[in-house]
Amino acid sequence: MTLPRFWIDVERSSAADTVRGESDRIGRMEATEMQEFSKQMKEGGESLTSISLAISILAVLVAMVTVLGHRSHTEAVLAQSKAGDQWSLYEAKKIRQENLMVTVDVLQLQATVDAKATAAKLAEYRAHIAKWDQDLKDEQKTADDYENEVTLAEARAVRFDLGEALLQISVVLSSITLFTRRRSFFVVGLLLGATGLVVAASAWLVR
């Protein structure tokens, strides 16, 4: 059965209106989605910029703590060398003092033709021995001070090294955020970075 031309035109008009309405709805949805996508991209770009800036700051802190750690290790080595030299000087003076004490004992036991000259020489030797007693105390104190410097420098170096390790891990975790887009890595990285900075700063509290 053939429909009247009137009904055919009505159906065609209704179909066309439906298509236009669907197209308008899809167009509005696409515009909204594009706006949301642009907003997300903008927020994501700002977030990545902030993360990159934080990573740069952490890298600078790593470099600073590394330099301080190397400096502390160098101070420990130099102080150890000075302590060794000081103990060598102490031993040399100690040997000279003991040799002179043996000489005094020998002079006292031997017969002499000039008692006054022998007595004068013994007095001179005893004066040297007394002086070396004080010198040895000073040398020992100086050597002990150098050894204390070694202990202090090594203790500081340990904290700097630990702080450096934590900061390096922080940089790695923060960098992973740039690839995974997971902020949890960045948060953990910042926490480790803050901990490393505190540990490194605590080195100056070592006394």
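1. Which residue forms a salt bridge with Arg71, and how far apart are the closest N and O atoms? The partner is Glu75, and the closest N and O atoms are 3.5 Å apart. A salt bridge is counted here when a side-chain nitrogen of Lys or Arg lies within 4 Å of a carboxyl oxygen of Asp or Glu. The two residues both belong to helix α1 (residues 5-109), where they are four residues apart, about one turn of the helix. Arg71 is exposed, with a relative accessible area of 54%, whereas Glu75 is partly exposed at 37%. In these terms, buried means under 20% relative accessible area, exposed means over 50%, and partly exposed covers the values in between (1.4 Å probe, protein chains only).

2. On the basis of the note: the model is predicted, so that local features need pLDDT of at least 70 and side-chain atom pairs count only at pLDDT 80 or more, while totals for chains, interfaces and linings use all residues. Residues are numbered from 1 along each chain as its sequence is written, and side-chain values use heavy atoms, with hydrogens and water left out.

3. On the overall architecture: the protein has three helices and zero strands, in the order α-α-α along the sequence. Helices (H or I, at least four residues) and strands (E, at least two) are DSSP runs, numbered from the N terminus. Of the 207 residues, 24% count as buried. Among contacts with a separation of 6 or more, 79% join residues that are 24 or more positions apart; a contact means heavy atoms within 4.5 Å. The protein exposes about 14500 Å², and carbon and sulfur atoms supply 62% of this area. Accessible areas come from the Shrake-Rupley method with a 1.4 Å probe, and for residues only the protein chains shown count as cover.

4. On the other salt bridges: the structure holds five in total, including two within helix α2 (residues 115-180) that are described here. Glu124 is bridged to Lys121, with the closest N and O atoms 3.3 Å apart. These residues are three positions apart in the helix, which means a separation of about one helical turn. Glu124 is partly exposed at 38% relative accessibility, and Lys121 is partly exposed at 33%. Lys131 and Asp135 also meet through their side chains, at 2.9 Å from N to O. They are four residues apart in helix α2, again about one helical turn. Lys131 is partly exposed, with a relative accessible area of 49%, but Asp135 is buried at 15%.

5. On the nonpolar cores: which helices supply residues to the largest core? This core has 12 residues, among them Ile51, Ile55, Leu58, Val62, Phe160, Val171, Phe186 and Ala203. Helices α1, α2 and α3 each supply at least two of its residues, and the largest share, six residues, comes from α1. Apart from this core lies another, of six residues, including Val104, Leu122, Tyr125 and Trp132. A nonpolar core is a set of buried Ala, Val, Leu, Ile, Met, Phe, Trp, Tyr and Cys residues joined through side-chain atoms within 4.5 Å. In soluble globular proteins, nonpolar side chains tend to be buried together. Leaving aside neighbours within four places in sequence, Val171 is in contact with Ile55, Leu58, Ala59 and Val62.

6. On the aromatic pairs: the whole structure has two. Rings of Phe, Tyr and Trp (its six-membered ring) pair if their centres lie within 6.5 Å; planes under 30 degrees apart count as stacked, over 60 as edge-to-face and the rest as tilted. Trp87 and Tyr90 form an edge-to-face pair, 5.5 Å centre to centre with 85 degrees between the planes. They are three residues apart in helix α1, about one helical turn. Trp87 is partly exposed at 25%, while Tyr90 is buried at 16%. The rings of Phe160 and Trp204 have centres 5.7 Å apart and planes at 70 degrees, so this pair is edge-to-face. The pair links distant parts of the chain, 44 residues apart: Phe160 is in helix α2 and Trp204 in the segment after α3. Phe160 is buried, with 1% relative accessibility, whereas Trp204 is partly exposed at 44%.

7. On Ser202: where in the chain does Ser202 lie? Its place is in the segment after α3 (183-201), and at 15% relative accessibility Ser202 is buried. The side chain of Ser202 makes a polar contact with the side chain of Arg159, at 3.1 Å. A polar atom of the Ser202 side chain also lies 2.5 Å from the backbone oxygen of Val199. A polar contact is a pair of N or O atoms within 3.5 Å; within protein, one must be able to donate a hydrogen and the other to accept it, and residues adjacent in sequence count only if both atoms are side-chain atoms.
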